[in-house]
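This report describes one protein structure for a reader who has not seen it before. Please look over the sequence and the structure below, then read on.

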Amino acid sequence: MSIAQQGSRGEPASRTSSRPRLGVLATHPIQYQAPLYQELARRGAVDLDVAYLSRAGASPVRDPGFGITLAWDIDLLGGYHSSDLTRRPLAGKAAWLAAASNWLRRQDIVVLHGHTVPEMLLAAAACRVLGVPYLLRGDSQAESLAAGPRRALRHLVAGTMVRNAAGALPIGERNAAFYRRYGRIPQYRAPYSVDTERFRLRADAARPERADRLASLGLDAERPTVIFSGKLIEMKRPLDLARAIERSGAQFNLLLLGDGPLRRALRAYEERLPVRCLGFINQAELPSWYATGDILALPSGREPWGLVVNEGMACGLIPVVSDAVGCGPDLVAGIGEVFPAADVGALADALHRVARDVPVRRARLRDRMAGFTIAATAAGYERAAVALGHRRRSSRS
């Protein structure tokens, strides 16, 4: 196992701090998770080590959903300590488990991301053997879309993982219901969050350019502007948005910040409506485009959470989401609108309702987003590590 030093934390052999040793096992570096790890390292309440099964994402990688090669323009590995536990083929799983066990022994408590990746299941089993408590982190919901034998297998695996966990870090209410379904374990609120302050500040700086940006696209800045951010794929249902704009009599601008296989189908709407596909927009530039909008729409047919909603709300956009979007009960209720997925008429009506009172709804955004910051998420991790990590530390003394 190779160790990649990314922060001030020393090599594992020299970890003598009284802080809980918190290990996080993650699949790969993700643009939404890196700010959390950087915040945990900055705060210093835990001694953090993030072990990755792959470094994909930290370097350019082909994304089949966007249909392009992605290279994130924010630092995914700096500011915290990380290790490599690179996944191996089946024949190498025993060697991987040995390396993982060595890493697990150095932790007081471990966060496992999900329960469907084989390495997470192996790590959970190893935790039980080694006496290392583990916390579950993921976006699963109580109701499964699987059917038949797959549903039964999912139920068995999920139940085993949850019941043997020391606790969970739910991202929101629907995820918390998943853990409650399978076991009575402690839950430590750690909401899904983005770097809210970065998005807000960059959007505020770019907002004076709103009219010029829209004019450069041939759009009227006097119209309410709807933003869609994500992959142009069937599951996200961007065509529903274009149809809703058409049904509204072109009373809205629609900017689609993303790419994917449905971009060609959307071109027909661009030709006759105030609809523009801008292609993939990277993280650093996203807030500037959010600043051109009034409404963030996410009409997905399935969406475990929808972090683009966090991003948009941080930039002052009012959310309109389908009832299949997981963040609806937590983020959207009481501020934006939730409509039945695949109902274009209901989507159009929701856009009109929001457009009538954007300033009133916008006044409530700041209070709502205060509970969905990177700091709030980090505090949940810290509470869990302090409360549960002592078991492992006590057994060592």
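## Surface and charge

The accessible surface of the protein amounts to about 16300 Å², and carbon and sulfur atoms account for 53% of it. The structure is a predicted model.

The protein carries 54 positive and 38 negative charges, and the mean positions of the two groups lie 8 Å apart.

## Overall build

The protein contains 16 helices and 15 strands. Along the principal axes, its C-alpha atoms fill a box of roughly 70 × 45 × 40 Å. The radius of gyration is 22 Å, which agrees with the value near 21 Å for a compact globule of 397 residues.

Of the 397 residues, 57% are buried. Among contacts with a separation of 6 or more, 73% are between residues 24 or more positions apart.

## Helix H11

Helix H11 covers residues 307-314, and eight of its eight residues are buried, so the helix is largely enclosed by the rest of the structure. The buried residues are Leu 307, Val 308, Val 309, Asn 310, Glu 311, Gly 312, Met 313 and Ala 314. After H11 comes Gly 316, which has a positive phi near 90°.

## Val 358

Val 358 belongs to helix H14, which spans residues 358-362. Its relative accessibility is 8%, so Val 358 counts as buried, the limit being under 20%. Apart from its neighbours within four places in sequence, Val 358 is in contact with Asp 294 and Ile 318.

Val 358 can also be set against a residue elsewhere in the chain. Ala 95 is 263 residues from Val 358 along the chain, and the C-alpha atoms of the two are separated by 56 Å.

## Salt bridges

Side chains of opposite charge can pair when their charged atoms come close. A search of the whole structure finds 25 salt bridges. Three of them are described here in turn, followed by a network.

In the pair formed by Arg 200 and Asp 204, the closest N and O atoms are 3.2 Å apart. Both residues sit in helix H6 (residues 196-206); because they are four residues apart, about one helical turn separates them. Arg 200 has a relative accessible area of 18% and is buried, whereas Asp 204 is partly exposed at 36%.

Arg 272 forms a salt bridge with Glu 246, with 2.9 Å between the closest N and O atoms. This pair links distant parts of the chain: Arg 272 is in helix H9 (residues 263-272) and Glu 246 is in helix H8, 26 residues away. Arg 272 is partly exposed, with a relative accessible area of 47%, and Glu 246 is also partly exposed, at 34%.

The side chains of Arg 353 and Glu 337 meet in a salt bridge with an N to O distance of 3.1 Å. Arg 353 is in helix H13 and Glu 337 is in strand E15, so the pair ties together parts that are 16 residues apart in sequence. Arg 353 is partly exposed, at 32% relative accessible area, whereas Glu 337 is buried, at 13%. Elsewhere, Glu 39, Arg 42, Arg 43 and Glu 382 are joined into one network by salt bridges that share partners.

## Alanines with positive phi

Most residues other than glycine have a negative phi. Ala 250 has a positive phi, near 60°. This residue is found in the loop between helix H8 (238-247) and strand E11 (253-257). Ala 250 has a relative accessible area of 22%, so it is classed as partly exposed rather than buried, a class that ends under 20%.

Ala 342 also has a positive phi, of about 75°, although it is not a glycine. Its place is in the loop between strand E15 (337-339) and helix H13 (344-356). The salt bridge between Arg 353 and Glu 337 involves the two elements on either side of this loop, since Arg 353 lies in H13 and Glu 337 in E15. Ala 342 is partly exposed, with a relative accessibility of 42%.

How values were computed. Residues are numbered from 1 along each chain as its sequence is written. This is a predicted model: local features need pLDDT of at least 70, side-chain atom pairs count only at pLDDT 80 or more; totals for chains, interfaces and linings use all residues. Side-chain values use heavy atoms; hydrogens and water are left out. Buried means under 20% relative accessible area, exposed over 50%, partly exposed in between (1.4 Å probe, protein chains only). The radius of gyration is taken over C-alpha atoms; the globule rule is 2.2 Å times the number of residues to the power 0.38. Contact means heavy atoms within 4.5 Å. Accessible areas come from the Shrake-Rupley method with a 1.4 Å probe; for residues, only the protein chains shown count as cover. Lys and Arg count as positive and Asp and Glu as negative; His and the chain ends are not counted. The place of a charge is taken as NZ of Lys, CZ of Arg, CG of Asp or CD of Glu. A salt bridge is a side-chain nitrogen of Lys or Arg within 4 Å of a carboxyl oxygen of Asp or Glu.
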